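Biologist: Got a minute to walk me through this one? I'd like to go over it piece by piece.

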Amino acid sequence: MKMVYAIIRPEKLDMVKKALEEKGYVAMSILEITGRGEQKGILLEYRGENVEVDTLPKIMIMMVVDSYDVNKIISIIREVGRTGRIGDGKIFVLPVEKMARVRTDETWG
Ligand SMILES: Nc1ncnc2c1ncn2[C@@H]1O[C@H](COP(=O)(O)OP(=O)(O)OP(=O)(O)O)[C@@H](O)[C@H]1O
Ligand SMILES: [Mg+2]
């Protein structure tokens with residue numbers, strides 16, 4: 001099992017969620033985060049003033065999935081989440097030791 005942390009643009013959440021669901025990847029946690037990538041400090045113009053923004057709002061999707069499915073999930077997220085501009089997001093994949101359902105005694109891993 002793997003934990004996929006996918007950081008995406010907030011406006012892409014609905015489309016990414018729908019595309020994943022269509023392929024059978026339904027269970028996920030969604031977090032509102034702020035962050036920054038390689039381009040530090042973005043200059044925005046707000047009411048005629050230049051404002052430097054240190055971090056930007058993003059969405060983080062957390063999913064525990066079969067190791068098999070990771071590359072498929074990455075390509076779905078890329079297909080839907082990509083604009084081609086900086087800040088489209090990043091995906092991190094970590095090993096998962098165990099998953100346990102609370103309602104039953106099922107455990108995985
Ligand atoms: N190395 C990292 N470690 C942890 N979080 C990261 C890392 N890189 C990016 N992030 C997270 O992903 C979000 C989006 O990053 P972003 O898409 O700007 O990455 P990037 O590497 O700068 O790519 P790009 O050049 O396309 O902008 C950041 O706001 C931050 O939350
Ligand atoms: Mg960036």
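Biologist: Let's start with D88: does it count as buried or exposed?

Modeller: Keep in mind that this is a predicted model. D88 lies in the loop between α2 and β6. Its relative accessibility is 17%, and the cut-off for buried is under 20%, so D88 counts as buried.

Biologist: Which side chain does the side chain of D88 make a polar contact with?

Modeller: Leaving out residues up to four places away in sequence, D88 touches I7, I8, R9, G81, R82 and T83. A polar atom of the D88 side chain also lies 2.8 Å from the backbone nitrogen of G84. The side-chain to side-chain polar contact, at 2.7 Å, is with T83.

Biologist: On to the ligand. How far is an oxygen atom of ligand 1 from an N or O atom in the side chain of K90?

Modeller: Ligand 1 is surrounded by 14 residues, and the closest are G35, E38, G87, G89 and K90. On the backbone side, an N or O atom of G87 lies 2.7 Å from a ligand oxygen, and a polar backbone atom of D88 is 3.5 Å from an oxygen of ligand 1. For the side chain of K90, the distance to a ligand oxygen is 2.6 Å.

Biologist: Now the sheet. What is the order of the strands in the open sheet of four?

Modeller: Seven bridges join β1 to β5, and seven bridges join β1 to β6; both pairs run antiparallel. β2 (29-35) and β6 (89-95) are the edge strands, each pairing on one side only. Put together, the order is β2-β5-β1-β6.

Biologist: Which residue of β6 is the bridge partner of M3?

Modeller: M3 has a partner in each of two strands. In β5 it is V64, and next door in sequence V4 stands opposite M63 of β5. In β6, the partner of M3 is L94.

Biologist: How many of the seven residues of β1 are buried?

Modeller: β1 pairs with β5 through seven bridges and with β6 through seven bridges. α2 also lies across β1, β5 and β6, running at about 10° to β1. The strand is largely enclosed by the rest of the structure, because the number of buried residues in it is five.

Biologist: And the other helix: what angle does the direction of α1 make with that of β5?

Modeller: α1 packs on the sheet and touches β1, β2 and β5. Within that sheet, neighbouring strands are turned by 25° against each other on average, ignoring direction. The direction of α1 and that of β5 make about 15°.

Biologist: Which element gives the most residues to the largest nonpolar core?

Modeller: That core has 18 residues, and I8, V16, L20, I61, M63, I73 and I77 have the most contacts inside it. Two or more residues come from each of β1 (2-8), α1 (13-22), β5 (56-65) and α2 (70-81). One core residue, I73, is in contact with V4, L20, Y25, M63 and V65, leaving aside neighbours within four places. With six residues, the biggest contributor is α2.

Biologist: What about the hairpin of β3 and β4: which residue there takes a positive phi?

Modeller: β3 (residues 42-46) and β4 (residues 49-53) run antiparallel and are joined by five bridges, with E45 standing opposite N50. Two residues sit between the strands. The one with a positive phi of about 50°, although it is not a glycine, is R47.

Biologist: Does that loop residue, R47, count as buried or exposed?

Modeller: R47 is found in the loop between β3 and β4. Its relative accessible area is 75% and the exposed class begins over 50%, so R47 is exposed.

Biologist: Last one: what distance separates the C-alpha atoms of V26 and M63?

Modeller: V26 sits in the loop between α1 and β2, and it is exposed at a relative accessible area of 57%. M63 is among the residues with the most contacts inside the largest nonpolar core. V26 and M63 are 37 residues apart along the chain, and their C-alpha atoms are separated by 9.0 Å.

Key:
Residues numbered from 1 in each chain as written. Chains lettered and ligands numbered in written order. Predicted model: local features only at pLDDT ≥ 70, side-chain atom pairs only at ≥ 80, totals over all residues. Heavy atoms only, no water. Core = buried A, V, L, I, M, F, W, Y, C linked by side-chain atoms within 4.5 Å. Buried < 20%, exposed > 50% of the residue type's maximum accessible area, 1.4 Å probe, protein only. Contact = heavy atoms within 4.5 Å. Pairing = 2+ DSSP bridges. Axes fitted to C-alpha atoms, helices over the stretch in contact; angles between N-to-C directions. Near = heavy atom within 4 Å. Polar contact = N/O pair within 3.5 Å; in protein donor to acceptor, adjacent residues only side chain to side chain.
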